[in-house]
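Reader: Hey, can you walk me through this one? I'd like to start with the salt bridges and then look at a sheet.

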Amino acid sequence: MTKRTYRRLMTTGFIALCSAVVMAQHKVEMLPFGDMDQWVNREIKESAIIGGNTKNVYAVGPTQTIAGSKAYTNLGGSPWATSNVMAKVAGVTKTNTSVFPEKRGSGYCARLETRMESVKVFGLVDITVLAAGSMFLGTVHEPIKGTKNPNRMLGMGIPFTKRPVALQFDYKVKMSDRENRIRATGFSKITDVPGKDFPAAILLLQKRWEDAEGNIFAKRVGTMVVYYYNTGDWHNNATYEIHYGDITGSPVYKPHMMRLQVDERYSLNSKGESVPVREVAWADEDETPTHMILQFTASHGGAYIGSPGNTLWVDNVKLVYAQ
């Protein structure tokens, strides 16, 4: 063994030892149902006019099977929602499934896929939509009644008042070989969108409040956003630091991923209305959040934009706290 190789091995071992010591000084908590081992299987029969097939629509929650086209709300205290939904448009029942349970070891993980979904009537393709596999903390307001403003149908984020130092989870990535993304809304021509499609993990801590008119505002308390650029096998216990306060002057700040209001997200106000959450400022570094947004997605570009074939696997989602 050369001296250079020996030094490299010693350095690698020292870094690994230091990481182990640092993690030993922290407390790691699994999010509810974050081990992805329990799934609800919804057996939904689509309308006869589009084939009348029974589809499996999965949700992260206490293991059970639910038959029938019933609107779903989170069960058993599960905080997770997904892009798997039931839609009822003009009396036609249609489903989308782009998040799947997949066997992993003695349990399961979540597989998030970007796919094309088509609705066929009398053998003709009438609507083709790009569906990006996504799972997030929050709710979906079923049944979906159209493709206009899909974000309004999602309640993004859950009440949360802790201050974790990091997010930890296992992941695997398969990238599409497309150089550009596509946009397919179902009611316009399918078009190219410049730029490659990237799976992403997003955690935002917010301090929210509501005004007398029912508008919801937020300050950004904590930020963690990561994109994945390459195909790779399982990476276990990947740990990403959450950055607090105004990070615009920090080397970690990437405006295209982390700026305020980078995406429009919705929540129910006190009147039961789905309204946008307006991020208006960075919070002080020591402020306590009221809500946490956590999302894993196979495509980073928003609704109806992505590259079919992009796939992100997720398992064992945890939060890390300082002791």
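Author: Sure, let's start with glutamate 29, which forms a salt bridge with lysine 162, with 3.6 Å between the closest N and O atoms. The two sit in distant parts of the chain, 133 residues apart: glutamate 29 is in strand S1 (residues 26-30), and lysine 162 is in the loop between strand S13 (158-159) and strand S14 (166-174). Strands here are DSSP runs of E, at least two residues long, numbered from the N terminus.

Reader: What counts as a salt bridge?

Author: A side-chain nitrogen of Lys or Arg within 4 Å of a carboxyl oxygen of Asp or Glu.

Reader: Is this an experimental structure or a predicted one?

Author: This is a predicted model, where local features need pLDDT of at least 70 and side-chain atom pairs count only at pLDDT 80 or more, while totals for chains, interfaces and linings use all residues. Residues are numbered from 1 along each chain as its sequence is written, and side-chain values use heavy atoms, with hydrogens and water left out.

Reader: Ok, back to lysine 162. Buried or exposed?

Author: In between: lysine 162 counts as partly exposed at 41% relative accessibility. Buried means under 20% relative accessible area and exposed means over 50%, with partly exposed in between (1.4 Å probe, protein chains only). Glutamate 29 is partly exposed too, at 25%.

Reader: Which other side chain does glutamate 29 meet in a salt bridge?

Author: Lysine 27, at 3.1 Å from N to O. Lysine 27 is partly exposed, with a relative accessible area of 42%.

Reader: How many salt bridges does the whole thing hold?

Author: The structure has 15. One of them joins the side chains of aspartate 170 and arginine 104, at 3.0 Å from N to O. That pair also links distant parts of the chain, with aspartate 170 in strand S14 and arginine 104 in strand S8 (residues 99-104), 66 residues apart. Aspartate 170 is buried, at 4% relative accessible area.

Reader: And which residues get joined into one network?

Author: Glu46, Lys55, Lys94 and Glu117, through salt bridges that share partners.

Reader: Cool. New topic: in what order do the strands of the open sheet come?

Author: S3-S2-S4, three strands with mixed pairing. Strand S3 (54-60) and strand S4 (64-67) are the edge strands, each pairing on one side only. Two strands pair if DSSP finds at least two bridges between them.

Reader: How many bridges join S2 to S3?

Author: Seven, and strand S2 (residues 39-45) runs antiparallel to S3. Valine 40 stands opposite alanine 59 in S3.

Conventions
Helix = DSSP H or I, 4+ residues; strand = E, 2+ residues; numbered from the N terminus.
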